[in-house]
Amino acid sequence: MFSGKNILLGITGGIAAYKTANLVRLFKKSGANVQVVMTPDSKEFVTPLTLATLSENPVHSVFADDETGEWSNHVELGLWADIFIIAPATANTIGKMANGLCDNLLLATYLSAKCPVFIAPAMDLDMYKHGTTLENIQKLTLNGNKIIDAQVGELASGLVGKGRMEEPENIFNHIHNYLKEGLSLTGKKVLITAGPTYEQIDPVRFIGNNSSGKMGYELAEKAIKLGASVTLVSGPTNIIASKSIDKIDVRSAQEMYDEVHQVYKNADVIIMAAAVADYTIEEVSENKIKKSDSSMQINLIATKDILASIGELKTENQLLIGFALETNDEEANAKAKLVRKNLDFIVLNSLNNKGAGFGYDTNQITIIDKSNNIDKYELKSKSEVATDIFNKIISLLK
Ligand code: CTP
């Protein structure tokens with residue numbers, strides 16, 4: 001969920017600031033990039049060195065550093081953030097945020113940020129209950145900020161009441177849940193096939209093809225980013241998949257068929273991007289075949305069409321997507337495949353397009369759906385193509 005996300009942590013001058021070291025660790029451990037912006041007073045409660053070490057980034061707290069002359073650009077920092085969390089947020093900072101004041105770097109960054117902003121207040125109970133504070137918090141909520149409410153407990157003053165900053169683990173979970181809910185494939189299961197298949201001739205030789213698997217792996221990574229749980233049934237490739245992908249390695253068309261049939265029932269979306277061999281060897285030789293002077297023949301028999309077999313079995317609630325790689329009569333051939341294999345849509349790439357197909361980092365596709373809508377796309381990176389394909393999937397899931 002947090003992998004590659006930019007988290008900006010704003011720390012203000014309250015005793016709970018010491019707990020933010022743990023918050024930085026939680027975000028870092030989950031794969032996020034973290035930067036910290038501190039108000040001058042907060043440095044009395046937690047050292048910038050601790051936070052810089054844990055976040056693996058310099059800490060920002062002044063517009064211009066007297067010693068180094070370095071300038072912290074609040075606009076850049078605000079735009080860098082995917083999520084801005086201000087924890088702890090004191091009554092003073094909340095008051096200034098609610099009223100547009102920006103007499104320190106943290107406040108200027110807040111006004112520059114375009115991302116979702118979370119605020120975890122922390123103060124003494126009477127300050128928290130004060131009408132002015134409540135009004136300020138309401139104003140911040142109306143402006144779209146998300147308040148992570150303070151908790152009841154023992155406070156730094158020795159009094160007991162509402163005002164303790166929410167625990168770092170809960171702040172982390174709060175943001176985690178927010179990200180999860182915002183993803184369009186949360187709760188969906190996606191099954192993808194990728195790569196070539198190898199059909200063994202004898203112990204040392206096989207028939208394969210030039211598929212690199214890049215398109216299928218890009219689709220798997222994209223589905224993970226959109227919140228889906230992903231099973232990737234992959235033929236032999238050199239690509240390393242993210243840990244969050246449940247990867248099943250196969251070699252032959254028959255193995256791919258068996259694995260897909262084991263898992264397809266649970267999938268909401270099935271995308272078959274593998275370049276499956278259409279023929280396999282009738283009789284695999286147990287021993288290495290010796291050469292002879294004369295020519296040789298290998299008997300090939302048809303493999304099972306995995307996509308077509310799932311097309312026969314799929315339920316109404318499952319989306320089935322296939323690929324077609326064509327050299328001639330592209331659209332007519334792709335449409336015929338769409339109908340024959342009972343697909344919701346087919347992704348056509350023509351070998352006539354430069355930069356599209358096997359081995360390239362780019363692809364140029366046309367999507368044809370079962371209602372005969374045809375969308376043609378520009379030549380794009382395979383990662384962007386994956387985005388286009390999932391946009392189509394998301395529109396059909398709605
Ligand atoms: N496919 C499959 N199992 C096979 C062959 C193909 O699942 N044994 C899937 C591919 O993953 C792809 C689609 O079918 O999504 C199109 O494959 P392609 O080889 O282009 O089409 P074929 O139906 O085999 O037709 P032809 O080779 O005649 O073009």
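**View 1. Ala-274 and its neighbours hold hands with the ligand's oxygens.** In this predicted model, start at Ala-274: one of its backbone N or O atoms lies 2.6 Å from an oxygen atom of the ligand. Lys-341 also comes in, this time with its side chain, where an N or O atom is 2.6 Å from a ligand oxygen. Then there's Arg-340, with a side-chain N or O atom 3.4 Å from an oxygen atom of the ligand. On its own the ligand would expose 570 Å², and the protein buries 77% of that.

**View 2. The ligand at home in the largest pocket.** Step back a little and you'll find the ligand sitting in the largest pocket. Three elements each give two or more residues to the shell around the ligand: helix H11 (306-313), strand S16 (319-326) and helix H12 (330-340). Which of the elements gives the most to this shell? That's S16, with three residues.

**View 3. Who's who around the ligand.** There are 16 residues around the ligand, and the ones that come nearest are Met-272, Ala-274, Phe-323, Lys-337 and Lys-341. So what kinds of residues make up the shell, by class? Eight are nonpolar, six are charged and two are polar.

**View 4. An open sheet of five parallel strands.** Now for a sheet: five strands line up in the order S2-S1-S3-S4-S5, with parallel pairing, and the sheet is open. At the edges you'll see strand S2 (33-38) and strand S5 (146-147), each of which pairs on one side only. In general, the strands of a sheet pair through backbone hydrogen bonds, either parallel or antiparallel.

**View 5. Zooming in on S3 and S4.** Strand S3 (residues 83-89) runs parallel to its partner, strand S4 (residues 117-121), and four bridges link the pair. Look for Ile-85, which stands opposite Phe-118 in S4. S3 has a quirk too: Pro-88 is found in this strand, and the peptide bond joining Ala-87 and Pro-88 is cis, with omega at about -10 degrees.

**View 6. The hairpin of S6 and S7.** Here the pairing is antiparallel: strand S6 (residues 151-154) and strand S7 (residues 160-164) are joined over four bridges. To trace the match-up, begin with Gln-151, whose bridge partner in S7 is Arg-164. Carry on to Val-152, and the bridge partner in S7 is Lys-162. Five residues sit between the two strands of this hairpin, and Gly-158 takes a positive phi near 95 degrees.

**View 7. Glu-56 with a positive phi.** Where should you look for Glu-56? Its place is in the loop between helix H2 (48-55) and helix H3 (74-80). This residue has a phi near 60 degrees, a positive value in a residue other than glycine.

Conventions: Residues numbered from 1 in each chain as written. Predicted model: local features only at pLDDT ≥ 70, side-chain atom pairs only at ≥ 80, totals over all residues. Heavy atoms only, no water. Near = heavy atom within 4 Å. Polar contact = N/O pair within 3.5 Å; in protein donor to acceptor, adjacent residues only side chain to side chain. Areas by Shrake-Rupley, 256 points an atom, 1.4 Å probe, with all protein chains shown as cover. 1 Å grid on protein atoms, 1.4 Å probe; cavity = no way out; pocket = protein on both sides within 12 Å on 5 of 7 lines; lining within 4 Å. Sits in = over half its atoms within 2 Å of the grid points. Nonpolar A, V, L, I, M, F, W, Y, C, P; charged D, E, K, R; others polar. Pairing = 2+ DSSP bridges.
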